[in-house]
Amino acid sequence: MSSDQGAITLLMAAILSIDDWLTRTAIGGFVNKSMTEIRKVVACVHALVACASARRALHLSATGLAFVVSLWVVALDNRAFWRVLWDTRDSSSWRGSAAVSMLAVVLWALLATALRGLFWRWMAKPVACLVLLTSAVLAHFIDTFGVVIDRGMIRNALETDLREIADLLSLRWWLDVGLRGLVPAAFVALAVQIKRSSSWRRETRDVLALVLGTTTLTLATTAAFFADYAATARNQREVRHLLTPTNALNALWGIWKERRPSRTTLATVGSDATRKSSASLDRKPLMVVLVVGETARAANFSLGGYGRPTNVALNRPDLVYFSNVVSCGTDTATSLPCMFSDIGTERFSITEASARENILDVLVRAGVDAAWIENTSGCKEVCKRVPTKSLFDEPQRWCGAATCFDDVLVPALQQAADASAADKLVVLHMQGSHGPAYFKRYPPTARRFTPTCDTNSIQGCDLESLRNTYDNSIAFTSDVLARSIEWLERASSRKDIVLLYLSDHGESLGEGGLYLHGLPRRLAPRTQVQVPMLMWVSPGAARRLGVTPLVLQASSDAQYSHDNLFHTLLGAFEIDTAAYRSGLDIFAIARSSGPRRRTAPP
Ligand SMILES: [Zn+2]
């Protein structure tokens, strides 16, 4: 392949990778408007073969390569970033458009300068390939799911497992990352020859000249458009999470900083925790079953007014549904530690939560047994100090399949309940409705709403079938909860029992072009933070706690949040500690409000 052919290959990859956009514009006439995925595969493979058979024909200096790679990343891997800036610019005068255009030039020069700084000797090509591939992966998730790349998203990515990753790798993923990342990376690796500088001195001088030029350009542009950039920085703060690849570097830096301090000792929470004398009275043991739902959003619970029968199995008079509950975070890595901690949504930080005890530690210190049963990808360190059984890690043993559906939690709960006669908290962590492969969250027999979206490329499904699939996962969660309650009802001759179900965060199902979850809480739509919560109490537990389902029902539409969990568990197990706040204990709120409604602090 000659350098001309190589350049044409690269140009084709660029055009194909932005064909969604091209088909919506006048330029669309030049490319086939119905570019099928199969043709993209052929183009991608052809481009890779062309690169592989290339004679290292294109001679570029390290600075030249830095500018080419930078232009590719700034232009092709930052579509969402530029769309937001362009749509929100001051369109009343030429300044707004000029400010965005000049920013593009400055970012191109800045990224090129940073890359040039890394392109020393043999490092140039590996670094260029790494940047191209990483940026393509980040850009794919931003463009496809409407997510932003911040600390929470990167933390989730670092804490995920192979099965979750496999769920995300669709044909569209391979094509997008292939065209935007793999093809240019292969081109750089195989078709580009770096021109060596004649001496170290000369190379250093070139780099310094580049730094000086870029600095001058940046300062001059900032001075000329300061008011515009200041307004954008103030009003569009979150847009920085769309700028690839600095969003990921920023997030990694933040995570490194929060993990850096060696946490040798945990801060004690509720060091004065003791059981009230009433807790030691001669009566049946108390068992609280806390079911942590995964990715269930309140908007799709018929118990909360959703128009489709997703909670049929839970239609029973002794079950209380709380209709106004918000989550602490919009992803598991935030919500899970937050809901078990005493810090509260307003002040919550993962760094602080991982450096102090949570409610499980307090309960255990006060003499309550605790057990955690995991059927998804991890408890985010919350269950670190209590006995934990992972059905997720050994699915073959528990259900004889590659992954267990959540109904495997019912026999696991029975085992855990029968294991001790002491007062006990059993936490069940479900797979629930974790996406994008919602169709893998329920067995074929539980496919009630059809047609379904049986792929992980959910953005290719119509919204109706996507909703059907998600609703099937919610209905299956309802079945699992109903079966658990039926068994607990039988066990209530031996124990006083409370079952509390609470989801960790909600989900977007294509509304406004958004999918999945994890947007910063301030920006997140209600569907990502409004979560379902429900409770069942056995007659014995109701007497013991002084709350009948009717009394709980009376305050069930008050505003609750994840902040209520810590104090509600302390209240249920009658634990005396200065850390307890009755105003956040759902039982205490219900007792004190009686038939009258009272709102708890959020
Ligand atoms: Zn989650």
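In this predicted model, lysine 380 has a relative accessibility of 16% and therefore counts as buried, since the cut-off for that class is under 20%. Lysine 380 sits in the loop that runs between strand S7 (369–374) and strand S8 (388–390). Its backbone is also worth a look: phi is positive, at about 55°, although the residue is not a glycine. Most residues other than glycine have a negative phi.

Glutamate 381 belongs to the loop between S7 and S8 as well. Here too phi is positive, at about 75°, and glutamate 381 is not a glycine. The accessibility of glutamate 381 is 45%, so this residue is classed as partly exposed, the class that lies between the 20% and 50% limits. The loop between S7 and S8 thus holds lysine 380, which is buried, and glutamate 381, which is partly exposed.

The next stop is another loop, the one between strand S9 (424–429) and helix H19 (463–491), where proline 443 is found. Proline 436 lies in the loop between S9 and H19, and so does proline 451. Most peptide bonds are trans. The bond from glycine 435 to proline 436, however, is cis, with omega near 0°. The bond from threonine 450 to proline 451 is likewise cis, and its omega is near -5°.

Proline 443 itself has a relative accessible area of 12% and is therefore buried. Which residues does proline 443 contact, leaving aside its neighbours within four places in sequence? They are Phe405 and Phe476. Phenylalanine 587 is in another part of the model: its C-alpha atom is separated by 36 Å from that of proline 443, and the two residues are 144 apart along the chain.

Phe587 leads on to the cavities. The structure has two of them with a volume of 30 Å³ or more, and the second largest has a volume of about 30 Å³. Phe587 is one of the residues lining this second largest cavity, together with Val288, Val498, Leu500, Met535, Thr568, Leu569 and Ala572. Strand S10 (496–503) and helix H23 (563–572) are the elements that each give two or more residues to that lining. The largest share comes from H23, with three residues. What is the make-up of the lining by class? Seven of the residues are nonpolar, one is polar and none is charged.

Helix H23 also packs against helix H24 (residues 586–593). Two packed helices are described by the angle between their axes and the distance between the axes. For H23 and H24 the angle is about 75° and the axes are 7 Å apart. The two helices are therefore roughly perpendicular to each other, because angles of 65 to 115 degrees fall in that class. On the H23 side, the residues that meet H24 are Asn564, Thr568 and Ala572. Their counterparts in H24 are Ile586, Phe587 and Ile589. By class, the residues of this contact comprise four nonpolar and two polar, with no charged ones.

The cavity and the helix contact can be read together. Thr568, Ala572 and Phe587 are among the residues that line the second largest cavity, and Thr568 and Ala572 of H23 and Phe587 of H24 also take part in the contact of the two helices. Neither the cavity lining nor the helix contact includes a charged residue.

How values were computed. Residues are numbered from 1 along each chain as its sequence is written. This is a predicted model: local features need pLDDT of at least 70, side-chain atom pairs count only at pLDDT 80 or more; totals for chains, interfaces and linings use all residues. Side-chain values use heavy atoms; hydrogens and water are left out. Helices (H or I, at least four residues) and strands (E, at least two) are DSSP runs, numbered from the N terminus. Buried means under 20% relative accessible area, exposed over 50%, partly exposed in between (1.4 Å probe, protein chains only). Contact means heavy atoms within 4.5 Å. On a 1 Å grid over the protein atoms alone, a cavity is a set of points where a 1.4 Å probe fits but cannot get out, and a pocket is an open set with protein on both sides within 12 Å along at least five of seven lines; lining residues have an atom within 4 Å of a point. Grid points are joined across faces, edges and corners, and a volume is the space filled by probe spheres set on the points. Ala, Val, Leu, Ile, Met, Phe, Trp, Tyr, Cys and Pro count as nonpolar, Asp, Glu, Lys and Arg as charged, and the others, Gly among them, as polar. Axes are lines fitted to C-alpha atoms, for helices over the stretch in contact, and angles run from 0 to 180 degrees between N-to-C directions. Angles under 35 degrees count as roughly parallel, over 145 as roughly antiparallel, 65 to 115 as roughly perpendicular and the rest as oblique.
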